[in-house]
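Work through the exercises below with the sequence and the model open. Each task is followed by its solution in steps.

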Amino acid sequence: KSVIGMIHVGALPGTPASSRSLREIEAQAVKEAKLYASAGVHGLMLENMHDTPYLRGGVGPEIVAAMTVVARAVKEAAKIGYRHIDTAQAYQNERGVGEGIRACGVKRADMFITTKLAAEVKSYKKAVSSIDQSLKTMGLDYADMMIIHSPQPWTKFGEKERYFEGNREAWRALEERSEEH
């Protein structure tokens, strides 16, 4: 069994929930990665949901700051032995994860990268586009594992509609893309 830990990257400077400097946020992420390593955790997820509303409008200082923190956390995690990094379209940190993977000094083939289709992707066409966008955003040729983040869109979670057909279509796109690599 693999055990995955989550590093919560705090609210970034310049956003409403921010109370710490970029260096403090980065130091906390590295501290958490080292703590997980000492506890025998096999992989890391990096998450920052505080800033999601502020990171949607193009590349501004908040996005640059977020991706810098994520990339440094991934590099530091690889340095202390982590080889499984988990990201997702919903976390909006794929760019930083990809930067960290490319810069960490570990061969890509020796890393295991998981990402997830956004929960709202419920068609073949959207899934193909979404897969391609994740790889482009990360700057990687492939992800080792890509899954559907949720069987229902987050805004519809718990409702009666189960999205069986949309999930089958998204899964078909994932299978086809997997066979290409």
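**Exercise 1: Backbone outliers**

Tyr-163 is found in the loop between E5 and H5. The model is a predicted one.

Task: State what is unusual about the phi of Tyr-163, then describe Gln-92 in the same terms and classify its exposure.

Solution.
Step 1. Although Tyr-163 is not a glycine, its phi is positive, at about 60°.
Step 2. Gln-92 is not a glycine either, and its phi is positive at about 55°.
Step 3. To place Gln-92 in the chain, look between strand E3 (84-86) and helix H3 (94-103): the residue lies in the loop that joins them.
Step 4. Gln-92 has a relative accessible area of 24%. Buried would require under 20%, and exposed over 50%. Gln-92 is therefore partly exposed.

**Exercise 2: Strand pairing and crossovers**

Task: Determine how E4 pairs with E3 and with E5, and give the handedness of each β-α-β connection.

Solution.
Step 1. Begin with strand E4, residues 112-117, which is mostly covered, since five of its six residues are buried.
Step 2. On one pairing, E3 and E4 are parallel and share three bridges. Ile-85 has Ile-113 in E4 as its bridge partner.
Step 3. E3, H3 and E4 together form a β-α-β unit, and the unit is right-handed.
Step 4. On the other pairing, E4 and E5 run parallel and are joined by four bridges. Here Thr-114 stands opposite Met-145 in E5.
Step 5. From E4 the chain passes through H4 to E5, a β-α-β crossover that is also right-handed.

**Exercise 3: The second largest pocket**

Task: Give the volume of the second largest pocket, name the elements that contribute two or more residues to its lining, and describe the chemical make-up of that lining.

Solution.
Step 1. The second largest pocket holds about 270 Å³ of space.
Step 2. Its lining has 14 residues, and those closest to the centre are Ala-143, Met-146, Leu-174, Arg-177 and Ser-178.
Step 3. Two or more lining residues come from each of helix H4 (124-138), strand E5 (145-148) and helix H5 (164-180).
Step 4. Which element gives the largest share of the lining? H5 does, with five residues.
Step 5. Sorted by type, the lining residues are eight nonpolar, two polar and four charged.

Notes. Residues numbered from 1 in each chain as written. Predicted model: local features only at pLDDT ≥ 70, side-chain atom pairs only at ≥ 80, totals over all residues. Heavy atoms only, no water. 1 Å grid on protein atoms, 1.4 Å probe; cavity = no way out; pocket = protein on both sides within 12 Å on 5 of 7 lines; lining within 4 Å. Points joined across faces, edges and corners; volume = space filled by probe spheres on them. Nonpolar A, V, L, I, M, F, W, Y, C, P; charged D, E, K, R; others polar. Buried < 20%, exposed > 50% of the residue type's maximum accessible area, 1.4 Å probe, protein only. Pairing = 2+ DSSP bridges. Right-handed = clockwise from strand over helix to strand, strands pointing away.
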